Amino acid sequence: MELEITRTPSRFRHAIGKYKVLRGPQCKNCSTCTVSCPHGVHFKAGTWVSSTPRDYLCIGADACREKACFCVDKCPQKAITVAPNPMVKALGDYRWTAELLMSTWYQAETGDLPYVGMEYCVGNSGGGFDKLRFKFPEKPPVEVADDEVDTSIELNKRGDAAHKITISLPFYQGGMSFGSVSNNTMVSRAKAAKLWGTFGCTGEGGYPEFLYPFDDNMITQVATGLFGVREETVQRVKIIEFKYAQGAKPGLGGHLLGDKVTEAVARMREAVKGSSLFSPFPFHSVYSVEDHKKHVDWIKAMNPKALVSVKVSTPADVDMVAIGSYYAGAHIVHLDGSYGGTGAAPDIAKKNIAMPIEYAIGKVHRFLVEEGVRDKVTLIASGGIRTAHDVLKAIALGADGIVEGTAGMVALECTRCSSCESGRGCPRGIATTDPELAGLIEVDWGTQRVYNLYASWRKEIVRVLKRFGMRSIRELVGRTDCLCHLDYE
Amino acid sequence: MPKKYHITPKAIAPRFIPVGRSGIIDWEEDCLKCTTCVKKRCLYDVYKSRSYDSSTMADSIDFQCKNCFSCIQNCPRGVLSKTINPEFLKMGDDYWKPEILLTTWFQAETGRIPVSGAGYRGPFSGPGFDSMWTDMSEIVRPTRDGIHGREYISTGIDIGRKIGRLELDETGLTLLNDIPQLVEIPVPVVFNVLPFGKLGKNVTLAMAEAAKRIGTMVYITKADYDSSLEHYKAHLIPLLATSDADPSAKIIENARMVELLYSEDAMDCAKRLKEAHPQMVVSIRVPMDAQAKAITTRLAHAGAEAIHLHADYKGNELEGDKPRFVKDVMRDIHLHLVAESIRDEVTLIVSGGIAMAEHLPKAIICGADGAAIDLPLLISLECRMCKRCTQGKSCPVEIDKMDPEFGAQRIVNLMSAWWSQLIEVMGAMGIRDVRRVRGEAGRAMFFEDLERETFGAMFGKK
């Protein structure tokens with residue numbers, strides 16, 4: 001499969017932008033604006049200048065005023081008004097600000113960074129990644145060409161008989177179960193993962209047939225409910241992920257409402273249609289590292305070459321959990337921080353239980369170094385990583401790579417309205433099994449959007465590494481000297 | 001085995017359209033009158049069920065809209081738009097934020113735990129209770145699965161003086177201690193006197209009825225007490241000045257617990273009451289000011305059964321240029337009593353600034369045995385924290401005219417949701433008894449500590 005960056009605009013009639021561009025009835029259809037605007041805001045629909053400009057592409061009056069192309073000044077009829085879009089205030093939140101949402105949409109459309117003035121690096125949460133910045137040298141210590149920069153990471157650092165897997169990007173995809181997101185969403189994401197030579201993840205709800213073409217780029221989860229886990233599914237893949245906990249609901253189990261357990265979901269999960277399904281917390285067969293080792297051995301007996309990833313949340317003793325997982329035979333220790341995404345979780349858990357990922361990465365990295373095993377384990381972080389800069393910061397704090405989840409949903413035009421679970425499911429057609437709503441996303445469109453976002457992230461990662469004179473993302477691991485924190489001297 | 005404690009909620013709609021976060025603006029004049037209008041396709045039917053309330057000038061859409069932006073982005077002429085509701089932003093104050101009101105209303109209406117999709121939306125951390133996280137367990141320590149009823153998690157506490165050890169005579173068969181009276185409540189919450197908004201008898205009755213239904217207690221002042229509350233006697237805690245604490249007063253008769261406002265003679269007064277009513281637990285209410293630690297320590301050594309430390313309604317110390325937050329004061333006092341080897345003997349109740357479900361386990365982790373809550377109860381009665389009542393003006397949601405049954409059910413619902421969330425938090429920590437959460441600061445993570453250990457080690461001084 002091959003794909004290139006192709007411009008893939010919003011599915012909706014009006015994309016939301018930072019500015020609002022209005023064309024008044026004075027417009028005489030002279031086309032001055034469509035010719036002069038270099039951003040493609042004004043365009044002709046047939047012979048007429050469109051009355052609804054693509055204002056999400058507008059860079060704003062302040063940035064444009066001094067230029068010869070400024071439509072407001074250029075228009076002979078004075079028919080055009082440009083102003084900040086008041087709707088932006090109703091969009092987004094502290095972590096995913098309106099600008100982060102819009103810049104992610106822009107990247108998914110174009111495969112490139114948005115215009116200057118649109119924030120694409122940090123949110124407004126006032127801590128963690130949002131307070132960390134890179135400390136770039138004045139000029140790169142060595143000049144590195146774009147194609148010399150390696151963004152790939154190794155997933156098996158134990159050097160044992162299991163698969164040697166290198167992924168071309170320093171991230172793979174988070175698990176989203178069959179039934180929690182639409183089939184088209186799953187396939188779009190899986191395709192994009194395969195195109196980029198990285199991995200997707202089935203989540204805990206079983207391994208649907210339509211994902212079989214992606215076996216070599218798929219991780220399957222063994223979670224506490226053991227839903228859909230069969231010898232056949234375990235043998236299908238190269239990486240098995242044990243989900244001990246999920247950052248968004250650490251220490252809590254899952255609950256799939258009866259209405260969501262459709263015929264297909266029930267078959268996949270080997271359950272009865274219409275009955276509520278609980279994923280307990282924890283694995284009631286694991287009360288120690290030794291018990292956990294028994295689980296790992298069990299997988300290795302079925303699929304000896306599989307890599308084992310252990311997905312854990314971030315309690316106070318996360319360092320002990322990580323080292324225990326390593327000694328039990330894990331190749332990947334995956335830390336899922338408390339601010340991560342989910343289809344549904346109690347607000348109290350998302351906000352209050354377990355520590356944010358920014359703290360956990362540093363703590364675990366340092367501990368594994370002290371214990372002398374850091375180079376034998378792949379440390380993956382997730383839970384609140386929204387942008388290419390978050391990826392880079394997580395790696396500089398000590399992770400080898402990250403897991404992407406919500407950002408890919410935003411690429412598919414999630415507005416983070418948080419209503420994934422209400423009624424028929426996601427109104428944007430992402431997290432739903434409702435046939436009508438799920439039809440809102442076409443696979444080709446979805447694949448291209450996720451592909452484009454990854455392309456843009458990769459470009460930005462390369463740009464940042466070049467500024468540090470680094471030839472590989474692996475050189476950045478644990479380089480906290482490349483970072484500074486706005487609250488510290 | 002005793003019957004499992006449970007709070008049963010019953011959905012009860014608000015009397016007024018609540019204030020919503022954002023509003024839809026609908027410019028009719030450019031409308032094409034499409035036959036398949038985007039409004040008809042609203043997944044939540046907010047346009048179909050749209051209603052207006054002329055008395056509060058409220059549009060139901062502001063509250064019901066789930067912010068998916070689909071209608072706005074799909075309307076052919078783009079005549080729909082959306083913006084933040086200025087009324088929403090105006091609600092509450094810097095501590096009692098509009099989001100707190102919204103989530104409290106939801107819980108009072110449904111009795112359910114607020115659940116949402118996507119990740120956390122708020123700030124990284126914040127002042128007060130937002131600068132701590134509670135712990136969870138995995139692999140190396142088991143969690144508890146309490147919320148789906150598979151493991152019993154106890155949320156009960158005992159209020160009163162506890163003895164440090166049992167003393168037996170030389171035969172080893174006869175107990176020499178007097179076993180002190182304890183008041184056991186099934187949730188670590190009592191209902192405090194409202195700092196404002198006590199709009200008439202109905203509010204008091206609703207609080208008393210709710211306290212009775214969930215098995216806890218409510219403070220009652222002498223001024224608010226009358227014969228209509230006789231029925232709730234076992235659930236009332238008379239709150240008295242020492243000068244009013246006449247052992248033969250009607251309000252004290254048959255009470256399980258009484259609380260005295262602190263004064264120099266509070267301990268003597270407590271002893272007098274105790275002599276007259278040995279079955280009664282006497283608590284002393286101490287203002288959380290600069291003297292609070294010294295007074296609490298002195299009272300604990302002098303034999304006080306329970307001490308209620310109260311901060312202001314935003315959870316700040318009552319005096320001082322730089323008042324500390326209730327969680328920090330509580331930790332300080334708790335640890336001081338531990339150092340004095342007296343902590344286990346006395347019960348500490350804390351109040352002030354307990355606004356959300358998570359504040360309850362957090363306050364207990366910081367050293368309280370239980371908490372007294374006030375404004376969340378008022379908010380569950382639809383209060384918007386406009387504080388007009390403090391200026392003698394009318395209440396926009398007519399709390400004074402509320403049916404006490406409505407109010408009681410709303411409070412029960414709120415408590416049901418809080419109780420479930422307490423169990424969630426304890427289950428994640430792997431603790432099965434709320435008595436063991438007290439002072440368990442090792443099972444919490446504090447912002448300052450995490451910052452120092454991680455970023456401090458990387459970047460030096462703040």
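The exercises below, each with a worked solution, concern a predicted model of two chains, A and B.

Residues are numbered from 1 along each chain as its sequence is written, while chains are lettered from A and ligands numbered from 1 in the order in which they are written. Since the model is predicted, local features need pLDDT of at least 70 and side-chain atom pairs count only at pLDDT 80 or more, whereas totals for chains, interfaces and linings use all residues.

**Exercise 1. Chain B as a whole**

Work out how many helices and strands chain B has, and what its radius of gyration says about its compactness.

Solution. Helices (H or I, at least four residues) and strands (E, at least two) are DSSP runs, numbered from the N terminus, and on that basis chain B has 12 helices and 17 strands. The radius of gyration, taken over C-alpha atoms, is set against the globule rule of 2.2 Å times the number of residues to the power 0.38. For chain B the radius is 25 Å, close to the 23 Å that the rule gives for 462 residues, so the chain is as compact as a globular protein of that length. Its C-alpha trace spans about 95 × 60 × 50 Å along the principal axes.

Next comes burial: a residue is buried if 20 or more other C-beta atoms, placed from the backbone, lie within 10 Å of its own, exposed if 12 or fewer, and partly exposed in between. Of the 462 residues of chain B, 48% count as buried. For confidence, pLDDT is the predictor's score for each residue, from 0 to 100; chain B averages 93, and 98% of the residues score at least 70.

**Exercise 2. The open sheet of chain A**

Trace the strand order of the eight-stranded open sheet in chain A, and find which helix packs on strand 15 and strand 17.

Solution. Two strands pair if DSSP finds at least two bridges between them. The order in chain A is 8-18-17-15-14-11-10-9, with parallel pairing, and the edge strands, each pairing on one side only, are strand 8 (171–173) and strand 9 (200–201). Within this sheet, strand 14 (residues 307–312) and strand 15 (residues 332–336) of chain A run parallel and are joined by four bridges; Lys311(A) has His334(A) as its bridge partner in strand 15. Helix 11 (residues 357–370) of chain A packs on the sheet, where it touches strand 15 and strand 17 (378–382), and its direction makes about 170° with that of strand 17. Here contact requires C-beta atoms, placed from the backbone, within 7 Å, and the angle, on a scale from 0 to 180 degrees, is taken between N-to-C directions of axes fitted to C-alpha atoms, for helices over the stretch in contact.

**Exercise 3. Where the chains meet**

Identify which element of chain A gives the most to the side that touches chain B, and which strand of chain B is joined to strand 16 of chain A.

Solution. The contact takes 84 residues from chain A and 57 residues from chain B. Helix 10 of chain A gives the most to the side of chain A that touches chain B, with six residues. By class, that side has 40 nonpolar, 28 polar and 16 charged residues, where Ala, Val, Leu, Ile, Met, Phe, Trp, Tyr, Cys and Pro count as nonpolar, Asp, Glu, Lys and Arg as charged, and the others, Gly among them, as polar. Strand 16 of chain A is joined to strand 5 (residues 115–116) of chain B by two bridges, and the two run antiparallel; the partner of Pro346(A) is Val115(B). The model scores ipTM 0.94 and pTM 0.95.

**Exercise 4. Burial and backbone at chosen sites**

Is Ser31(A) buried, partly exposed or exposed, and how does Phe129(B) compare with the cut-off for burial?

Solution. Ser31(A), in the loop between strand 1 and helix 1 (32–36) of chain A, has a positive phi of about 75° although it is not a glycine. With 14 other C-beta atoms within 10 Å, Ser31(A) is partly exposed. Phe129(B), in the loop between strand 5 and strand 6 (132–134) of chain B, is buried, with 22 such atoms within 10 Å. Leaving aside neighbours within four places in sequence, Phe129(B) is in contact with Lys327(B), Glu358(B), His359(B) and Lys362(B).

Note on methods
Contact = placed C-beta atoms within 7 Å.
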